[in-house]
Amino acid sequence: MPDAGNRGLGAREWAEVSAQRSRLYGWFSTLYAREIPKDTLASYLAGTDSPFAAFSALGLGAEVRRLQAGLDALRGVADAHLDLAADFALLFLLDARTGALPYASVHGAEDARLYGPPEARMQEFLAGASLAVQDEFREPADHLAVYLAVMARLAEDQGQAADIGAAARDQIAFLQDALLSWLPAFDAAHHQASPRFDFYPALAALLVAVVRLDAQFLRGALQPD
């Protein structure tokens, strides 16, 4: 994403930024969809195959340093991927009272429970967009990984849009309704949990910062020259 105050975004720049944004949202989606495999964690610890530099370039250095510190704490830990998988389970698979379940329905202001109104709305949205949650991903439609995958798809599909303003408005609406309406509460829920490592709490803080920055960038794309 360029400076959020950018005006007069051209078609080529919009396409390039859309592709970058799609990759970043896809990266987040993968991290919330399943535990990090051993080889992937090894590549992060080696300083490869991660978008940390891209996030730093966006002015999110503090959030990146925290996430890097969370990774660094895993160095030298035997079977570190298993310990991180245990944190994943503690936060995202067990109990809303002691974790940070990744479902919009749990953190919404209305009728907070699994399979609540946000899940029904997401099912309706997916059906209207001719999309569906993959059969092997046996989670409610309002799982964070699903929202992030949809945002990645929107950014990719609308990267060649003739009407950049309309595409930006569509994506702002999705970010506001489907993510920013509950992501801060999801981030805050990490504070009551006790994972062994800070990786996932740091990841949540980075995600909130990225989504807020992206919404700001999209609003800037709507401004006239």
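This report looks at helix α7 and the largest pocket in a predicted model.

## Helix α7: length and end

Let's start with the geometry. Helix α7 covers residues 117-128, and its 12 residues should span 16 Å at 1.5 Å a residue. The C-alpha atoms at its ends sit 17 Å apart, which agrees. After α7 comes Ser130, which has a positive phi, near 55°.

## Two faces of α7

Which residues of α7 are buried? They are Pro118, Glu119, Met122 and Leu126, so a charged residue, Glu119, is in the set along with nonpolar ones. Seen down the axis of α7, these buried residues fall within an arc of 100°, so they line one face of the helix. The background is simple: an α-helix has 3.6 residues a turn, so residues three or four places apart point the same way.

On the face turned away from that buried side, α7 carries Glu124, Ala127 and Gly128, which are exposed. As for neighbours, the buried residues of α7 pack against α6 (104-107), α8 (144-157) and α9 (164-180).

## The largest pocket

Now for the empty space. The largest pocket has a volume of about 410 Å³, and 17 residues line it. Nearest its centre lie Ala132, Gln134, Ala145, Val146 and Ala149.

Which helix gives the most to this lining? That's α8, with seven residues. Both α1 (11-33) and α8 supply at least two residues of the lining. By type, the lining of the largest pocket splits into 11 nonpolar, three polar and three charged residues. Helix α8 thus turns up twice here: it packs against the buried residues of α7, and it contributes to the pocket lining.

Conventions: Residues numbered from 1 in each chain as written. Predicted model: local features only at pLDDT ≥ 70, side-chain atom pairs only at ≥ 80, totals over all residues. Heavy atoms only, no water. Helix = DSSP H or I, 4+ residues; strand = E, 2+ residues; numbered from the N terminus. Expected span 1.5 Å × (residues − 1). Buried < 20%, exposed > 50% of the residue type's maximum accessible area, 1.4 Å probe, protein only. Arc of directions from axis to C-beta. Contact = heavy atoms within 4.5 Å. 1 Å grid on protein atoms, 1.4 Å probe; cavity = no way out; pocket = protein on both sides within 12 Å on 5 of 7 lines; lining within 4 Å. Points joined across faces, edges and corners; volume = space filled by probe spheres on them.
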